[in-house]
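Please read the following walk-through with the model open beside it. It moves from helix packing to the nonpolar cores, then to charged pairs and backbone details.

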Amino acid sequence: LFFIGVQQSPEPELLQDNYATLEFHEEQSGFLAGAVAGLITQSGRVAAVCEVEFIDSVRQTCAGFRSGAEYVNPGIDVDIFFRSGPEDLLFRDRAWGTATGARSIDLGADVVFAVGEDTADAALEAAAKRGAVVIGAETDQYSELPEIGAALVTSAILDIRGGLLELVQETVEGRFLAGPHWGEVSLA
């Protein structure tokens, strides 16, 4: 049997000969989103609404957002908000997402990026309702959040489907290679 773990990074000593991981450079997806935000902002202030900071992929995505915005627009103001609420609401804190998306606009951001499933969806919805343009993360948010379609500029996506297809194809062809494999990141 062969196993593929998606976005799992076990310690190297725990990896087995029949276990491959599909990982992503989240900082690159965040950088792409930040670059877009930095290029389109009219106010000179952008924001990222992010799930908890202790999750490496979230922290890396939001750090990449800051780097991308500052790279294309030196002097830009970038607000990064990490949720610090209860763990039982991890990725599901719609109240915090809504409040923080709205707060971003109150602080002057006109472009809002959000990472973190339902928490992020709520932030994008709130920011769009307040007149901001928004950038999604992880998957193409256009079909997932049709009510914000007009405000959604793009999404920073992780090509999980393509990465899995490639790993499965290699396995079927007898070329299974255990260990980490890096998937593609792009903009929708």
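The paragraphs below take these topics in turn.

This is a predicted model, in which local features need pLDDT of at least 70 and side-chain atom pairs count only at pLDDT 80 or more, while totals for chains, interfaces and linings use all residues. Residues are numbered from 1 along each chain as its sequence is written, and side-chain values use heavy atoms, with hydrogens and water left out.

Consider the pairing of α1 with α2, where helices (H or I, at least four residues) and strands (E, at least two) are DSSP runs numbered from the N terminus. These two helices pack at an angle of about 35°, their axes lying 6 Å apart; axes here are lines fitted to C-alpha atoms, for helices over the stretch in contact, and angles run from 0 to 180 degrees between N-to-C directions. The crossing of α1 and α2 is right-handed, a term that applies if the near helix is turned clockwise from the far one by less than a right angle, whereas an anticlockwise turn would make a crossing left-handed. Contact, meaning heavy atoms within 4.5 Å, involves residues of α1 including Gly30, Phe31, Ala33, Gly34 and Ala37, and residues of α2 including Gln60, Gly64, Phe65 and Gly68. By class, the residues of this contact divide into 9 nonpolar, 10 polar and 2 charged, where Ala, Val, Leu, Ile, Met, Phe, Trp, Tyr, Cys and Pro count as nonpolar, Asp, Glu, Lys and Arg as charged, and the others, Gly among them, as polar.

A further helix pair is formed by α3 (residues 94-106) and α4 (residues 117-129), whose axes come within 7 Å and cross at roughly 35°. The crossing of α3 and α4 is right-handed. Among the residues that make the contact are Trp96, Thr98, Gly101 and Ile105 of α3, together with Asp118, Ala122, Ala123 and Ala126 of α4, and the contact has 7 nonpolar, 4 polar and 4 charged residues. Thr98, which is found in helix α3, touches Ala122, Ala123 and Ala126 when residues up to four places away in sequence are not counted. Thr98 counts as partly exposed because its relative accessibility is 37%; buried means under 20% relative accessible area, exposed over 50%, and partly exposed in between (1.4 Å probe, protein chains only).

Which residues touch the most other members of the largest nonpolar core? Of its 21 residues, they are Val46, Val58, Phe65, Phe113 and Ile135, a nonpolar core being a set of buried Ala, Val, Leu, Ile, Met, Phe, Trp, Tyr and Cys residues joined through side-chain atoms within 4.5 Å. At least two residues of this core come from each of α1 (26-40), β3 (45-50), α2 (56-72), β5 (111-115) and β6 (133-138), and α2 gives the largest share, 4 residues. A second, separate core of 18 residues includes Ala109, Leu124, Val134 and Leu145. Leaving aside neighbours within four places in sequence, the contacts of Ile135 include Ala33, Val36, Val111, Phe113, Leu124 and Leu152.

Charged side chains add another set of links, since the structure holds 9 salt bridges, each defined as a side-chain nitrogen of Lys or Arg within 4 Å of a carboxyl oxygen of Asp or Glu. Arg45 forms one of them with Asp77, the closest N and O atoms being 3.6 Å apart; this pair joins distant parts of the chain, with Arg45 in strand β3 and Asp77 in strand β4 (residues 77-82), 32 residues apart. Arg45 also meets Asp79 in a salt bridge at 2.7 Å, N to O, and Arg45, Asp77 and Asp79 are thereby linked in a network of salt bridges. Within this network, Arg45 is partly exposed at 23% relative accessibility and Asp77 is partly exposed at 39%, whereas Asp79 counts as buried at 14%. Elsewhere, the side chains of Arg83 and Asp93 form a salt bridge (3.4 Å, N to O), and both residues are buried.

Two backbone details complete the tour. Phe91, in the loop between β4 and α3, has a positive phi of about 65° although it is not a glycine, and Phe91 is buried, with a relative accessible area of 18%. Glu117, placed in helix α4, likewise has a positive phi, near 50°, but Glu117 counts as partly exposed at 47% relative accessibility.
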